[in-house]
Amino acid sequence: VFQSHEEDDRKVRRREKNRVAAQRSRKKQTQKADKLHEEYESLEQENTSLKREIGKLTDEMKHLSEVLKDHEKICPLLHCTMNFVTVPRPDALTGCLPR
Amino acid sequence: ISPGQILPANRNTPSPIDPETIQVPVGYEPDPADLALSSIPGQEMFDPRKRKFSEEELKPQPMIKKARKVFIPDDLKDDKYWARRRKNNMAAKRSRDARRLKENQIAIRASFLEKENSALRQEVADLRKELGKCKNVLAKYEARHGPL
């Protein structure tokens, strides 16, 4: 009878140890998941904002390129026959702009 | 991109840019083992590029009030009891599997976003540099010859 009390004691202690360990493990899992979700959320936001900025910058580039194209048609440096300018280079920037 | 060059079709519209359409080449290949862990066999393979996770999905799981464990002596463990246990055990397994799957998917997408963001940051830097050069040249011209 004394022995069975001892065994019960041991069982109870083991149960309690396991309960606490399981609780710790569950807590660790939720904390890990919460951290991941936080990081993920911040990555999504950064992603959207970067794409928005790229859109803005490309818009600006387009606008500039249009402005330059329009100018090329009427640039006095290119069209005035008094200027001894070689045929405008069909490269990146219009010929009238300084290098 | 230089001023005279035509931009890709999806960026040639006059309307405000939709961030969704902006694409940047991202050299990203998820580990096939991870991908397998994140895909449901009966359905399409999980794609980190397309699959977003909403706020709703990211909220921590609601804590359901569990019924206290009542000890049941062996003689009361009849067939009905075991049928109930089996049903609950299956549901618990499904729940654990679904949760594991979701976490794997989120992890893969997060990893993909890291790569994509890095490429996007590079693109922003390149565009700013290009823009800077053009504006500088333009400013020099306008300094000498007045506004365009």
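Here are three short exercises, with worked solutions, on the predicted model of chain A and chain B.

**Exercise 1. The annotated span**
Find which residues of chain B the UniProt annotation "coiled-coil region" covers, and describe that span in the model.

*Solution.* Start with the record: the unreviewed UniProt entry places the "coiled-coil region" at residues 110-144 of chain B. Next, look at the secondary structure, where this span is 100% helix and 0% strand. Finally, take the C-alpha atoms at the two ends of residues 110-144 of chain B, which lie 51 Å apart.

**Exercise 2. The interface and its chain A side**
Work out how much area is buried between chain A and chain B, and which elements of chain A take part.

*Solution.* First, count the residues in contact: chain A supplies 38 and chain B supplies 42. Then turn to the area, since the size of an interface is often given as the accessible area lost when the parts come together. Here about 3,900 Å² is buried between the two chains, with 70% coming from carbon and sulfur atoms.

Now for the polar side of the story: 13 residue pairs are in polar contact between chain A and chain B. On chain A, the elements giving two or more residues to this side are α1 (2-74) and α2 (76-79). Of the elements, α1(A) gives the most, with 30 residues. By type, the chain A side divides into 19 nonpolar, 9 polar and 10 charged residues.

**Exercise 3. Charged pairs**
Count the salt bridges across the interface, then inspect the one that involves B:K135.

*Solution.* The count across the interface of chain A and chain B is 5 salt bridges. For B:K135, the partner is A:E60, with an N to O distance of 2.7 Å between the side chains. That distance falls within the 4 Å cut-off, so the pair qualifies.

Key: Residues are numbered from 1 along each chain as its sequence is written. Chains are lettered from A and ligands numbered from 1 in the order in which they are written. This is a predicted model: local features need pLDDT of at least 70, side-chain atom pairs count only at pLDDT 80 or more; totals for chains, interfaces and linings use all residues. Side-chain values use heavy atoms; hydrogens and water are left out. UniProt positions are given in the numbering used here, feature names are shortened, and annotations may be inferred rather than shown by experiment. Helices (H or I, at least four residues) and strands (E, at least two) are DSSP runs, numbered from the N terminus. Contact means heavy atoms within 4.5 Å. Buried area is the accessible area (1.4 Å probe) that two parts lose on being put together, summed over both. A polar contact is a pair of N or O atoms within 3.5 Å; within protein, one must be able to donate a hydrogen and the other to accept it, and residues adjacent in sequence count only if both atoms are side-chain atoms. Ala, Val, Leu, Ile, Met, Phe, Trp, Tyr, Cys and Pro count as nonpolar, Asp, Glu, Lys and Arg as charged, and the others, Gly among them, as polar.
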